[in-house]
Amino acid sequence: MQLLKDKIRKYGKVKEGNVLKVDSFLNHQMDVSLFREMGKEFKKRFAGEEINKILTIEASGIGIACLVAEELQVPVVFAKKTQTKNIAGDVYTSKVESYTHGRVYDIIVSKEFLGEGDKVLLIDDFLANGKALEGLCALVEASGAELVGAGIAIEKGFQVGGEILRSKGIHLESLAIVDGMDEKTGEIMFRE
Ligand code: 5GP
């Protein structure tokens, strides 16, 4: 998606450890007009698929997911991150290893909001090693819902997540795929 690539080129900052900072428009300050265009683009890319729910993960996925949900006219559920050891109640849980924070946390979603009969599209801001999406896939599976696909704003194509998910046959759509970044020059290379 050209508009997103242009924003990344203009405002993205390459940090050490292969981290791309886009917090001036994507995951801290949020450019909602851009999110609206992203919502329309995801609608096109998943046209023909039956979707009745969007599942994302707090916090960075929520803003984008809301604009996709508005396009598709479906609700958004976000998985909550928790460090509570004893998770009680009617929830599905899964573990996620954080790429940016280097620790493992639990994610939970209430059984009330995900279950059999749901046709779920996953949305997130980044795809790196695929741990966040794998955690969300596990929640969908545990709930008996059907996974329709996953929509990602920025995929880091030089990390393994995209390959793993595509090899599982998951319909994955990334609006911008970054194939390389140069920490010294700040250059960001995109897949065409
Ligand atoms: P994964 O689980 O695929 O390894 O990483 C995805 C999660 O890590 C995303 O939800 C995102 O919050 C965070 N993340 C991974 N790589 C980056 C990055 O380069 N920049 C930022 N801002 N977040 C990232």
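**Close-up 1. C66 on helix α3 of the predicted model.** C66 sits in helix α3, which spans residues 60-72. Its relative accessibility is 37%, so C66 counts as partly exposed. The cut-offs place this class between 20% and 50%. D31 offers a reference point in the chain: C66 and D31 are 35 residues apart in sequence. In space, their C-alpha atoms are 13 Å apart.

**Close-up 2. The β-α-β unit that contains helix α3.** Strand β3, helix α3 and strand β4 form this unit, and it is right-handed. β3 covers residues 53-57, and β4 covers residues 76-82. The two strands run parallel and are joined by four bridges. In one of the pairings, I54 has V76 of β4 as its bridge partner.

**Close-up 3. Strand β4 and its antiparallel partner β6.** Strand β6 spans residues 104-110. Three bridges join β4 to β6. K81 has I107 of β6 as its bridge partner. β4 also pairs with β3, but there the strands run parallel.

**Close-up 4. T56 within strand β3.** T56 belongs to β3. T56 counts as buried because its relative accessibility is 0%, and the cut-off for buried is under 20%. The T56 side chain reaches the backbone oxygen of I123 at 2.7 Å. Leaving aside residues up to four places away in sequence, T56 touches G61, I62 and A65. T56 also touches V76, V77, F78 and A79. I123, D124 and L136 complete the list of contacts.

**Close-up 5. The surroundings of the ligand.** There are 16 residues around the ligand. L20, N129, G130, A132 and K156 come nearest. A backbone N or O atom of L20 lies 2.8 Å from a ligand nitrogen atom. For A132, a backbone N or O atom lies 2.8 Å from a ligand oxygen atom. D124 uses its side chain: a polar atom there lies 2.9 Å from an oxygen atom of the ligand. D124 is also one of the residues that T56 touches.

**Close-up 6. The buried side of helix α1.** Helix α1 runs over residues 2-11. L4, K5 and I8 are buried in this helix. These residues lie on the same side of α1 because they cover an arc of only 100° around the axis. The buried residues of α1 pack against helix α2 (32-45). They also pack against strands β2 (19-21), β8 (146-156), β9 (172-181) and β10 (188-190).

Key
Residues are numbered from 1 along each chain as its sequence is written. This is a predicted model: local features need pLDDT of at least 70, side-chain atom pairs count only at pLDDT 80 or more; totals for chains, interfaces and linings use all residues. Side-chain values use heavy atoms; hydrogens and water are left out. Buried means under 20% relative accessible area, exposed over 50%, partly exposed in between (1.4 Å probe, protein chains only). The arc is that of the directions from the helix axis to the C-beta atoms. Contact means heavy atoms within 4.5 Å. Two strands pair if DSSP finds at least two bridges between them. A crossover is right-handed if, with the strands pointing away from the viewer, the path from the first strand over the helix to the second runs clockwise. A residue is near a molecule or strand if one of its heavy atoms lies within 4 Å of it. A polar contact is a pair of N or O atoms within 3.5 Å; within protein, one must be able to donate a hydrogen and the other to accept it, and residues adjacent in sequence count only if both atoms are side-chain atoms.
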